[in-house]
Amino acid sequence: MAGISEKDSSLGERVPNITPDGETGIGDWKREDFAELLKSGINPDADNAQGLMYEVIQGIGHGYKDMTKVDEPAIADYLKSIPAIKNKVK
C-alpha cells in the first residue's frame, strides 16, 4: 500500500502511496476526498485515476463508482487506520 515506481512494478504502472503518511501518502485526505475519488476518479489534487484504479472505479457492470454512501467512509476509515509508511514514489 506504500506504492511502487513504474520501473519496479510487475505491471509496468506507477502505484501511489495510499498509506496515511502526511508527506508521501494520503494523510491529508478527508473522507469526502475518498468518496470523490471512488465516484469520479478525481483526487484532491485534481489528478485523475488511471490504469487499474480507473478500471476498478468504472467496473464491468458495477465498480467503486456504484458504492453506497455507507461504503465510501468505511474505506476512508480503513485506509486512515493502517500504519503510515514514508515512501515517495517516483
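Okay, let's start with Glu72. Leaving aside its neighbours within four places in sequence, Glu72 touches Ala35, Lys39 and Met67. Keep in mind throughout that this is a predicted model. Glu72 sits in helix 3, which covers residues 71-81. And here's the curious bit: Glu72 is buried, yet it has no salt bridge. The nearest side chain of opposite charge is Lys69, and that's 4.5 Å away. A salt bridge here needs the nitrogen within 4 Å of the carboxyl oxygen, so with Lys69 at 4.5 Å, Glu72 goes without.

Let me step back to the whole chain. We've got three helices and zero strands, so to speak, α-α-α from the N terminus on. The C-alpha trace spans about 35 × 25 × 20 Å along its principal axes. What about the radius of gyration? For 90 residues, a compact globule would come out near 12 Å, and this chain has 13 Å, which agrees. Of those 90 residues, 30% are buried. The accessible surface comes to about 6100 Å², and carbon and sulfur atoms own 55% of that. If you take contacts with a separation of 6 or more, 52% of them are between residues 24 or more positions apart.

Now helix 1, residues 31-40. Which of its residues are buried? Asp33, Phe34, Ala35, Leu37 and Leu38. You'll recognise Ala35 as one of the contacts of Glu72. The cover over those buried residues includes helix 2, which is 51-58, and helix 3. Right after helix 1 comes Gly41, with a positive phi, near 85 degrees.

On to salt bridges: the count is five. I'll take a few. Arg31 and Asp77 meet at 2.5 Å, N to O. That pair links distant parts of the chain, with Arg31 in helix 1 and Asp77 in helix 3, 46 residues apart. Arg31 counts as partly exposed because its relative accessibility is 44%, and Asp77 is also partly exposed, at 37%.

Next, Lys86 and Glu23, where the closest N and O atoms are 3.0 Å apart. This one also links distant parts: Lys86 is in the segment after helix 3, Glu23 is in the segment before helix 1, and they're 63 residues apart. Both ends are out in the open, if you like: Lys86 is exposed at 54%, and Glu23 counts as exposed at 63%. Salt bridges that share partners join Asp21, Glu23 and Lys86 into one network.

Then there's Asp8 with Lys7, at 3.6 Å between the closest N and O atoms. Asp8 is partly exposed at 47%, whereas Lys7 is exposed at 73%.

Staying with the segment before helix 1, have a look at Gly25. Is Gly25 buried or exposed? It's buried, because its relative accessible area is 19% and the cut-off for buried is under 20%. Leaving aside neighbours within four places in sequence, Gly25 is in contact with Asn17 and Thr19. Its C-alpha atom is also 7.8 Å from that of Lys88, 63 residues away along the chain.

Last stop, the surface. Met1, Ile18 and Tyr78 form a nonpolar patch there, with about 300 Å² of accessible area together. Ile18 lies in the segment before helix 1, and at 30% relative accessibility it counts as partly exposed.

That's my tour, thanks.

How values were computed. Residues numbered from 1 in each chain as written. Predicted model: local features only at pLDDT ≥ 70, side-chain atom pairs only at ≥ 80, totals over all residues. Heavy atoms only, no water. Patch = residues over 30% accessible without salt bridge, like charges linked within 9 Å, V, L, I, M, F, W, Y side chains within 5 Å. Areas by Shrake-Rupley, 256 points an atom, 1.4 Å probe, with all protein chains shown as cover. Helix = DSSP H or I, 4+ residues; strand = E, 2+ residues; numbered from the N terminus. Buried < 20%, exposed > 50% of the residue type's maximum accessible area, 1.4 Å probe, protein only. Lys, Arg positive; Asp, Glu negative; His and termini not counted. Contact = heavy atoms within 4.5 Å. Rg over C-alpha atoms; globule rule 2.2 N^0.38 Å.
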